[in-house]
Each structure stands twice: as C-alpha cells, then as structure tokens.
Amino acid sequence: MILLALRDDFPILKREVNGYPLIYLDNAATTQKPQVVLDAMNEYYTSSNSNVHRAVHTLAGEATEGYEACRTQLKEWFNAERAVITSGTTEAINLVAHAWGRANLSEGDAIVLTEMEHHSDIVPWQMLAEERGIELRYVPVMEDFTLDMEVYAASLTNAKLVCVVHTSNVLGVRNPLEEITKLAHEHGALVLIDAAQGVPHERIDFKDSKADFMAFSAHKMCGPTGIGALLIQPEVFQTMQPFMGGGDMIETVTVNGSTFQTNEHKFEAGTPRIAEAVGWCAAFDWMSSLDLREEHQRLVGIARWVAEQLRAMDISVYGRHEAGDSAVVSFLHPTIQSEDLAHLLDARGIAVRTGHHCAQPLLHRLGISGTVRASFYLYNTMEEAELFIEQMKYISGRFG
Ligand SMILES: Cc1ncc(COP(=O)(O)O)c(C=O)c1O
C-alpha cells in the first residue's frame, strides 16, 4: 500500500498489529532497525564472538576490530577527536557529571539547565548539586515553546556548565545551540548538548558546534539499544579522570594503586557492548546512503501537516514544526484521555506514546501532566500520516 523503497529494509514494518498493518509512530522513543543491522549483529555472534582488547587469537582480533570500527565511524560521522562509547545518552551525561563535574565544580558554582531537558539531563545534576552545594538554574520555556534567551543570558554569571537539549523530545523544537554555546563560552562556561533527538535528524559537526560535550544514543538512529556515545573536545578530555574502575581502563595495577589508560578506554571499564557497536556501525553505513537533510524536510513537512489537521479538530498541539525542528507531534484531545486514545489507536495498528516523556518539569511549565506523542522517522510516509488522521477523526467522532 505504501511506496517508499527504504521501508523494505525494515522487516518489522511488514507485521500486522491487531489485524492492521503496523504504523509505527513512536520513533522519538526508539527507532526500528534495518535488516543490515540485525544481520551484522547476528553475523558477529555467529562468527566472531569473543572479548575485545585482551587476547591475540583471531576471534579476539575480529571483535576488537568490530568494536573499534564503531569509534572510528563515530569520529568520522561527527567530526570528533574523542568518542567514548557508553550505554546511551543517560550514561554519557552521568559520565560528565562524575568525571568532569566532580573534579571541576564546587560550592558556589552554578549549572544552567533548561526546563526543556529530559530527566537524564536533570537528575544527574540534581544529585551532584546536592552532594557539592552547586546551584542549578533553569531557563524557562515560553508560550511559543522556545527558550527564554534573555533569562538564559542573565543566568550565566558564575556558571561553569550549560546543559541543553539539542531538540526537545516533547515539543520537537530545535534550540539555538550556536547562540547558546557562544554566550556560554563568553562567560567561561562549558556546554553539554543532549543530542539524543538531534542526531537522528541532523548530521552534526561536533568540532564546528564548539560544544564541549555531546551525548546521544544509537537506538534513536536505527542502531541497537544499549549503546551510545559521548563526544568530548580534546582540551576538555585531558582534564577528566575515570569515574568507573575495572578491567580495560587501566595501564597497570599493583596492590598499592593503579595507573589508567589515557585514551577513551579510561572511561570504558569492563567488557563493552561489542555486538551493539558492530550493529551501530551497520546503521551508520545504512544511513550514509540517504540524504538526511532531504529526508528531514520531508518528515517535518508530514509532522506540520499532522499538527494542522489535529488543530483543525480542536486538539491542542504542543510544539513547533519549522525547518530545523524534529518530526514530533505532541497533543492532547479535549475529551478523550490520552491512554484511552493510545489504546484505541493501537487497536488499529497505530503505535504512539503517552505520558510525561521523561520531561516532567517541561510538562509542569505547560500546565499539563502528559501528552500523546506521534513521532515520524525515515520509513514513515504521508499515507501513514493520512491513515493516522483518518483514525483520529473516526475515534473523535465515535468516542469524543
Ligand atoms: C532528549 C533525550 N535525552 C535523553 C534521552 C535518554 O536516552 P537513553 O534512554 O537512550 O539514555 C532521551 C530518550 O528518550 C531523549 O529523548
């Protein structure tokens, strides 16, 4: 029914849910995986499974090569000199809190956050603030769903770090990162970008971005779950100490003490995510055959149309769909409870998300406790969007 050649690469899209063809609109939570990613992981476990770095046999060599190829790929894709492989965005941000924050922040210092942050870019800082007596300052979100840049500029005095989400997972708004980073640096603060929702849609040049840290997850960009990365500018990387001790991150260990590796391995204690790294590499290869900019414009266009249709049905839409924003549509039906609506859509094969989307401070600012969220990705089509709206009209007419 739906013509888009790349859909054939995703086996899961062929399945039915409750007797209907699956329409997967929960991409901001996680994306589907192309067959090449599944094959690469299967092939790794079938033919090369071993542990990395510590043995000379052939399989260990292949495993090490597969794992390190992911790091090389990350550095190339994002133009970065240092790429630490983590379990995802959450671990990457916690890594900064422990390995940089503990060494560089003390009582009286301030961290600037925004009300738009995902919990994974709030809670680690709250934990550190409690431990160290650090002040947390939140930049408000305004009625047009953008950050209050005047408050931001005024909140930079004594700030040592600015943590900002690249693109909101609730609103789809892409923040003015260039301006945010420039202002932060003028005040001597470092910048951490939570790019979990940015990297799926935008090919970011980390060096050019001038941000000091950038965190993201593979599973939001067609890669496996359980793996992500933290990019760090080299000058900052030198100043950071390991936060997790164990195998692989050391140079020598004696009963009196240890010395640590000086490269990214110092942050990668223990057996890493080898199959996931191999799978992520395959995802990058797959994505490199696309024109991401063009695909992104197509998807934002779909999201904008969906938002207009919902508004025309008296449904409140929270967010913005301009050129740089993401294809996320958050909304609230005036009479049907979000969970009921999601169940009714699921009964017709349509997967959407409901709830607070791990962004309770943002929802508090918006005066709501949750939304329904439809999020579009590379394999979604206009026909799917039309079917979604058709079902929304039917459900509204019948149950609203
Ligand atoms: C903006 C944002 N930040 C952070 C995260 C956390 O990512 P992960 O759970 O992969 O660590 C998410 C996931 O939904 C997100 O959307």
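Here are some notes on this predicted model, mostly on helix packing, the ligand shell and a few individual residues.

1. Start with H9, since two of the packing pairs involve this helix. Helix H1, residues 35–48, packs on helix H9, residues 274–287, at an angle of about 150°, and the two axes lie 8 Å apart. The crossing is right-handed. On the H1 side the residues involved are Val-36, Val-37, Ala-40, Met-41, Tyr-44 and Tyr-45, and they meet Ala-275, Val-278, Gly-279, Cys-281, Ala-282, Ala-283, Asp-285 and Trp-286 of H9. Sorted by class, that contact comes to 12 nonpolar, 1 polar and 1 charged residues.

2. The other partner of H9 to look at is H2, residues 58–78. Here the axes come within 8 Å and cross at roughly 45°, which makes H2 oblique to H9. This crossing is left-handed. From H2 you have Ala-63, Gly-66, Tyr-67, Ala-69, Cys-70, Gln-73 and Trp-77, set against Ile-274, Ala-277, Val-278, Trp-280, Cys-281 and Phe-284 in H9. The class count for H2 with H9 is 11 nonpolar, 2 polar and no charged residues. If you are colouring by contact, note that Val-278 and Cys-281 of H9 are listed as meeting H1 and also as meeting H2.

3. Next, H10 and H13. Helix H10 covers residues 292–312 and helix H13 residues 382–399; their angle is about 15° and their axes are 10 Å apart. So H10 runs roughly parallel to H13. H10 passes H13 in a right-handed crossing. The H10 residues Ile-302, Trp-305, Val-306, Gln-309 and Leu-310 meet Met-382, Ala-385, Phe-388, Ile-389 and Met-392 of H13. Class by class, this contact has 9 nonpolar, 1 polar and no charged residues.

4. While you are on H10, have a look at Arg-298, which sits in that helix. Arg-298 counts as partly exposed because 18 C-beta neighbours fall inside 10 Å. Between Arg-298 and Tyr-44 there are 34 Å from C-alpha to C-alpha, with a sequence separation of 254 residues. Tyr-44 is one of the H1 residues that meet H9.

5. Val-329 is worth a click too. This residue belongs to strand S14, residues 328–332, and is buried, because 31 other C-beta atoms lie within 10 Å and 20 or more is enough. Setting aside neighbours within four places in sequence, Val-329 touches Ala-303, Val-306, Ala-307, Leu-310, Val-317, Gly-319 and Ala-374. Among these, Val-306 and Leu-310 are also on the list of H10 residues that meet H13. Asp-340 follows 11 residues along the chain from Val-329, and their C-alpha atoms are separated by 18 Å.

6. On to the ligand. Which residues surround the ligand? They are Gly-88, Thr-89, Thr-90, His-118, Ser-120, Val-165, Asn-169, Asp-194, Ala-196, Gln-197, Ser-217 and Gly-228. The shell divides into 2 nonpolar, 9 polar and 1 charged residues.

7. Two backbone points to check. Most residues other than glycine have a negative phi. Lys-210 has a positive phi, near 65°, and is placed in the loop between helix H7 (206–209) and strand S9 (213–217). With 15 C-beta neighbours inside 10 Å, Lys-210 counts as partly exposed. Cys-358 also has a positive phi, about 55°; this residue is in the loop between strand S16 (353–355) and helix H12 (360–366). Cys-358 has 17 C-beta neighbours inside 10 Å, so it counts as partly exposed.

8. Finally, two loop residues with partners far along the chain. Thr-239 lies in the loop between helix H8 (234–237) and strand S11 (250–254) and counts as exposed because there are 11 C-beta neighbours inside 10 Å. Its C-alpha atom is 9.0 Å from that of Ala-99, 140 residues away along the chain. Glu-202, in the loop between strand S8 (190–194) and H7, counts as partly exposed, with 17 C-beta neighbours inside 10 Å. The C-alpha atoms of Glu-202 and Gly-324 are 8.5 Å apart, with their positions 122 residues apart along the chain.

Technical notes
Residues numbered from 1 in each chain as written. Predicted model: local features only at pLDDT ≥ 70, side-chain atom pairs only at ≥ 80, totals over all residues. Axes fitted to C-alpha atoms, helices over the stretch in contact; angles between N-to-C directions. Helix = DSSP H or I, 4+ residues; strand = E, 2+ residues; numbered from the N terminus. Parallel < 35°, antiparallel > 145°, perpendicular 65-115°, else oblique. Left-handed = near helix turned anticlockwise from the far one by under 90°. Contact = placed C-beta atoms within 7 Å. Nonpolar A, V, L, I, M, F, W, Y, C, P; charged D, E, K, R; others polar. Buried ≥ 20, exposed ≤ 12 C-beta atoms within 10 Å, placed from the backbone. Near = placed C-beta within 6 Å.
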